Amino acid sequence: MDVLLVIDMQQGLFTDPRHQDAQVIANINRLADSVRANQGRVIYVQHDAPGSELEPSSAGWQLHADLTPGRGDSRVRKTACDSFLDTELGFLLAEQAVDRLLISGCATDFCVDTTLRSAAAHGFDVFAVTDAHTTADRPHLSAEKIIEHHHWMWQHLSLPKGRVVTLLSTDQLLEAIQPELAC
């Protein structure tokens with residue numbers, strides 16, 4: 001079974017533009033539709049940060065308005081960059097055999113990266129969807145360069161038992177999941 005993690009795609013993180021944010025959201029929606037159509041699971045992870053734009057239950061804490069969550073999708077709340085740390089994510093993933101754990105969301109250099117590494121350390125076959133995650137420019141580096149750097153890092157992680165992180169675009173992944181749904 002495929003499981004799509006959608007990390008921190010919350011209104012409060014998009015008050016300023018993110019790198020290719022409209023395309024990232026469209027790609028996440030396409031992936032979610034495909035995963036659901038193939039009896040997979042979609043899990044939205046939301047960051048709780050009291051006193052910030054991600055104040056629980058505030059407008060900024062809500063999922064981005066352009067996302068299209070399904071009725072059967074799950075939600076996980078977290079308080080750290082690692083979506084596994086002190087959350088029910090591990091328990092939700094243990095409810096079924098996970099063939100591919102697809103990683104998407106915001107921000108590449110914080111919660112997406114930390115969750116991807118944690119998922120790999122937990123023994124999942126991790127797929128980074130290269131055009132379904134985003135971040136903002138930082139004072140020292142553009143968002144585009146941050147994403148490029150993380151793609152390189154993820155391809156070169158040293159993981160146990162010969163595991164690797166697979167990097168695929170949305171179109172490549174859709175072709176792998178169900179060829180007729182690609183494009």
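**Figure 1. A salt bridge within helix α4 of the predicted model.** At 44% relative accessibility, Lys-145 counts as partly exposed, and in this predicted model the residue forms a salt bridge with Glu-148, the closest N and O atoms of the pair being 3.2 Å apart. Glu-148 is partly exposed as well, with a relative accessible area of 48%. Both Lys-145 and Glu-148 belong to helix α4, where they sit three residues apart, which is about one turn of the helix. Side chains of opposite charge can pair when their charged atoms come close. A search of the whole structure finds 11 salt bridges, and the pair in this view is one of the salt bridges in the model.

**Figure 2. A network of salt bridges that links Asp-33, Arg-36 and Asp-73.** Within helix α1, Asp-33 and Arg-36 lie three residues apart, about one turn of the helix, and they form a salt bridge in which the closest N and O atoms are 3.1 Å apart. Arg-36 also takes part in a salt bridge with Asp-73, where the closest N and O atoms are 2.7 Å apart. Because Asp-73 lies in the loop between β2 and β3 while Arg-36 lies in helix α1, this pair ties together parts that are 37 residues apart in sequence. The three residues can also be described by their accessibility: Asp-33 is partly exposed, with a relative accessible area of 44%, Arg-36 is partly exposed at 22%, and Asp-73 counts as buried at 16%, since a residue is called buried when its relative accessible area is under 20%.

**Figure 3. The open sheet of six strands.** The strands follow the order β3-β2-β1-β4-β5-β6, and their pairing is parallel. Strands β3 (74-78) and β6 (166-168) stand at the edges and have a single partner strand each, so one side of each is left without a neighbour in the sheet. From one strand to the next, the twist averages 25°. As an example of the pairing, strand β1, formed by residues 2-7, and strand β2, formed by residues 41-47, pair in the parallel sense over five bridges. In this part of the sheet, Leu-5 stands opposite Ile-43 in β2.

**Figure 4. Helices α4 and α5 lying across strands of the sheet.** Helix α4, which covers residues 143-155, lies across β5 (126-134) and β6, and the helix runs at about 180° to β5. Helix α5, made of residues 170-177, lies across β1, β4 (100-106), β5 and β6, and runs at about 140° to β5.

**Figure 5. The contact of helix α1 with helix α5.** Two packed helices are described by the angle between their axes and the distance between the axes. For α1 (residues 21-37) and α5, the axes come within 10 Å and cross at roughly 5°, which makes α1 roughly parallel to α5. On the side of α1, the residues that meet α5 are Asn-27, Arg-30, Leu-31, Ser-34 and Val-35, and their partners in α5 are Thr-170, Asp-171, Leu-173, Leu-174 and Ile-177. The residues of this contact divide into five nonpolar, three polar and two charged.

**Figure 6. Helix α3 and its surroundings.** Of the 14 residues of helix α3 (residues 108-121), 10 are buried, so the helix is largely enclosed by the rest of the structure. Among these buried residues are Cys-111, Val-112, Leu-116, Ala-119 and Ala-120, as well as Asp-109 and Asp-113. The elements that cover the buried residues of α3 include β1, β2, β3, β4, β5 and α4. Just after α3, the chain reaches Gly-123, which takes a positive phi of about 90°.

**Figure 7. The surroundings of Val-129 in strand β5.** Val-129 is buried, with a relative accessible area of 0%. When its neighbours within four places in sequence are left aside, Val-129 is in contact with Leu-31, Leu-102, Ile-103, Leu-168, Ser-169, Thr-170 and Leu-173. Three of the residues named here, Leu-31, Thr-170 and Leu-173, also appear in the contact of α1 with α5. The C-alpha atoms of Val-129 and Gly-105 are separated by 9.3 Å, and these two residues are 24 residues apart along the chain.

Technical notes. Residues numbered from 1 in each chain as written. Predicted model: local features only at pLDDT ≥ 70, side-chain atom pairs only at ≥ 80, totals over all residues. Heavy atoms only, no water. Pairing = 2+ DSSP bridges. Helix = DSSP H or I, 4+ residues; strand = E, 2+ residues; numbered from the N terminus. Axes fitted to C-alpha atoms, helices over the stretch in contact; angles between N-to-C directions. Contact = heavy atoms within 4.5 Å. Buried < 20%, exposed > 50% of the residue type's maximum accessible area, 1.4 Å probe, protein only. Parallel < 35°, antiparallel > 145°, perpendicular 65-115°, else oblique. Nonpolar A, V, L, I, M, F, W, Y, C, P; charged D, E, K, R; others polar. Salt bridge = Lys/Arg side-chain N within 4 Å of Asp/Glu carboxyl O.
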